[in-house]
Number of protein chains: 2
Amino acid sequence: MGLFHKKRVFLDYAAGKNNPSAIYKEGVEAKKRLEEARLRAARLMQVQARDVVFTSGGTEADNLALLGIVQDVPNAHIVTTSIEHPAILKCAEEIKRRGGEVTVVEAVDGVVQVEDVMSALKENTILVSVMYVNNKTGAIQPISKIARRINEWRKKNNSTYPYFHSDASQAIGMLPIQFSSLGVDLLTFGGSKISLTKGAGVLAFRPHVKISPVLFGGGQERGIRPGTENVETILELVSALESAEFGRTNEFERLQQIQSAFIKEAEKIPGITINTPEHSSPHIVSVSFEGKLHEFLAIQLDHEGVSVSTGSSCKFRGDGTEIEALRFSFGQETTISDVKFAARILQKIMLE
Amino acid sequence: MGLFHKKRVFLDYAAGKNNPSAIYKEGVEAKKRLEEARLRAARLMQVQARDVVFTSGGTEADNLALLGIVQDVPNAHIVTTSIEHPAILKCAEEIKRRGGEVTVVEAVDGVVQVEDVMSALKENTILVSVMYVNNKTGAIQPISKIARRINEWRKKNNSTYPYFHSDASQAIGMLPIQFSSLGVDLLTFGGSKISLTKGAGVLAFRPHVKISPVLFGGGQERGIRPGTENVETILELVSALESAEFGRTNEFERLQQIQSAFIKEAEKIPGITINTPEHSSPHIVSVSFEGKLHEFLAIQLDHEGVSVSTGSSCKFRGDGTEIEALRFSFGQETTISDVKFAARILQKIMLE
């Protein structure tokens, strides 16, 4: 040993390579890499490493946060909002279908009101779920304020419930995600917004939170999420998360300039409404044109070289009424010249 | 256009790149790649492309096949076997916990008996799930025989139920997976056994099968499986699946020689029992030594350079009694010299 390269024969093809549950050398190494990734992710959020669960993406993480909390509590009541991602709204529907109770709080001008959330709380409320940054308008939601009020409510009622969950997918790399500053009990996000690699998401929670699995199988991830962990993808996600977090303040300021530049140009276009409120994440601008088919506008923009979304449902809610919108969203590679170009193309299309 | 390279600006970072649901150029291209992958996978199994659903892995695919069939049917009865993968057995437990009925058929010498499955059928049986190749012993299960008998049962009872599902994870690249020859209604497998890439699995089914989602969110994968599709990983899985299928007959014969060579050497070791039956997939050999702690043997093998598994639960069932075992499993890179080396090391450890 030592001096000579020792022969190794891998004979566990039925399990596959890089399986962190295996007890031999390659498995132990994969496990070590996985647990290092978990520790690094935990450090960024200031939670315990054991309270970080890796999933296949943001949608599965949201399912765990909602169904995993609710499913063993009969007649549970949850509170969520009308501006959540479909992963949350569809889970809420499923909770209702299984006999649970759901209150959906409407946002006012794209922002969830703290008092509206508090008024919705009931004796049997076990979970409140409010997203951190809205994916269609960029509006920042008052997470730490809601957390503080829920905490007061729990103390007053001498209860550990409701838990407070936030989907932070759109906040990663833009706003702080430390549990101590946010005050949440559960946080989820998917990797596809922060890295090119899809296929990984995160659920993190405080030590007192008990989560039941929503998928069933092997005992991986403390029995909360079965299936062989996708170590390489998880590592890519955590590296992307770290570099997003370390560059966060600079990138926030850079994107604020880009957002301002885009809004300044876009405001000149006749008939435009800027839906994104003042207090927003700088990576999103939502705009609308009354009476226009926004999907057609997006196709025209695409034809002229600009890729934008109409919002996954082609609609978003501001003050309770649904309106169509175009969403321009910015990332690491976006430059001022890019958004000026996009604004010019939008103007051209609208003047045609 | 045409002659000049046209400027393109991607402004959909909030959704992420390579999102096959997006309507712009990059999204349409991702969608095209995804649907080509689906068509190629469908061709291999001889099902319709629309009846192929991509998941995050084998475990999630199994969850969809069991919970997705059962969850909207009150008092449903399912039949499965004691030798299934934990993904199936844990789903069966969950079905029971939710008020459903489960019959677990015991295998005889590692092989599920057709008559035992048929005797378990009841009026309210909506699903039978039997794995194709056992992951611990390599034993091939009589899938097409069971399928034929279930079909007769359905005709006699003028019923579309029970559906017949098989987890084919260990059969990929070894045995045929065409629906026509197997006679199954649903087939699942994960990618981690056939490619280095983890993070993708497949559920395929016949057109008449109705599946409810088990995770909730966006409307991807015909509303059966939410979350942005992991196009690149899916493509890698489908390519690995194709090359496994095209090289199947040759690889089967090659691994048969490797399996025989290993068994021939291993049989010389005093006190060894070969658990793998005659009719097995050639990529697995399970062996036992009475009274030995097999996890310790695996650690000794690892120390000497041989990576093997003790079976994920360190136990497998043969004739109803659990015994410890070591599983040697072979793949594309395995050579005769590898397995002779492994047998020598095993012999050395047992003689120490």
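Which residue forms a salt bridge with Glu26(B)? In this predicted model, the partner is Arg8(B), and the closest N and O atoms of the two side chains are 3.3 Å apart. Glu26(B) belongs to helix H1 (residues 25–45) of chain B, while Arg8(B) lies in the segment before strand E1 (9–10) of chain B. The contact thus links distant parts of the chain, 18 residues apart. Glu26(B) is partly exposed, with a relative accessible area of 23%, and Arg8(B) likewise counts as partly exposed, at 28% relative accessibility.

This bridge is a convenient entry to the charged contacts, of which the structure holds 47 as salt bridges over all chains. A contact within one helix is found between Arg97(B) and Glu94(B), where the closest N and O atoms are 2.9 Å apart. Both residues lie in helix H3 (residues 86–97) of chain B, with a spacing of 3 residues, about one turn of the helix. Glu94(B) is buried, its relative accessible area being 5%; the value falls under the 20% limit, which is why the residue is given that label.

Asp185(B) and Arg206(B) provide a further case, their side chains meeting in a salt bridge at 3.6 Å, N to O. Asp185(B) is placed in the loop between helix H6 (179–182) and strand E7 (186–190) of chain B, and Arg206(B) in the loop between strand E8 (201–205) and helix H7 (231–246) of chain B, so the pair ties together parts that are 21 residues apart in sequence. The two ends of this bridge can also be described by their accessibility. Asp185(B) is buried, with a relative accessible area of 1%, whereas Arg206(B) counts as partly exposed at 25%. In chain A, salt bridges that share partners join Lys31(A), Glu35(A), Arg38(A) and Glu221(A) into one network.

Turning to the rings, a search of the whole structure finds 10 aromatic pairs over all chains. Among them is the pair of Phe262(A) and Phe330(A), with ring centres 6.0 Å apart and planes at 65°, so the arrangement is edge-to-face. The assignment follows because planes over 60 degrees apart count as edge-to-face. Phe262(A) sits in helix H8 (residues 248–266) of chain A, and Phe330(A) in the loop between strand E14 (326–329) and helix H10 (336–351) of chain A; this pair links distant parts of the chain, 68 residues apart. Phe262(A) is buried, with a relative accessible area of 0%, and Phe330(A) is also buried, at 2%.

In chain B, the rings of Phe262(B) and Phe330(B) have their centres 6.0 Å apart and their planes at 65°, so this pair too is edge-to-face. Phe262(B) is found in helix H8 (residues 248–266) of chain B, and Phe330(B) in the loop between strand E14 (326–329) and helix H10 (336–351) of chain B, with their positions 68 residues apart. Both Phe262(B) and Phe330(B) are buried. Elsewhere, ring pairs link Phe10(A), Tyr13(A) and Tyr24(A) into a cluster.

Charges and rings also come together between the chains. The charged end of Lys7(A) sits over the ring of Phe341(B), 5.1 Å from the ring centre. In turn, the charged end of Lys7(B) sits over the ring of Phe341(A), 5.1 Å from its centre.

Definitions and conventions:
Residues are numbered from 1 along each chain as its sequence is written. Chains are lettered from A and ligands numbered from 1 in the order in which they are written. This is a predicted model: local features need pLDDT of at least 70, side-chain atom pairs count only at pLDDT 80 or more; totals for chains, interfaces and linings use all residues. Side-chain values use heavy atoms; hydrogens and water are left out. Rings of Phe, Tyr and Trp (its six-membered ring) pair if their centres lie within 6.5 Å; planes under 30 degrees apart count as stacked, over 60 as edge-to-face and the rest as tilted. Helices (H or I, at least four residues) and strands (E, at least two) are DSSP runs, numbered from the N terminus. Buried means under 20% relative accessible area, exposed over 50%, partly exposed in between (1.4 Å probe, protein chains only). A charge sits over a ring if NZ of Lys or CZ of Arg is within 6 Å of the ring centre and within 35 degrees of the ring normal. A salt bridge is a side-chain nitrogen of Lys or Arg within 4 Å of a carboxyl oxygen of Asp or Glu.
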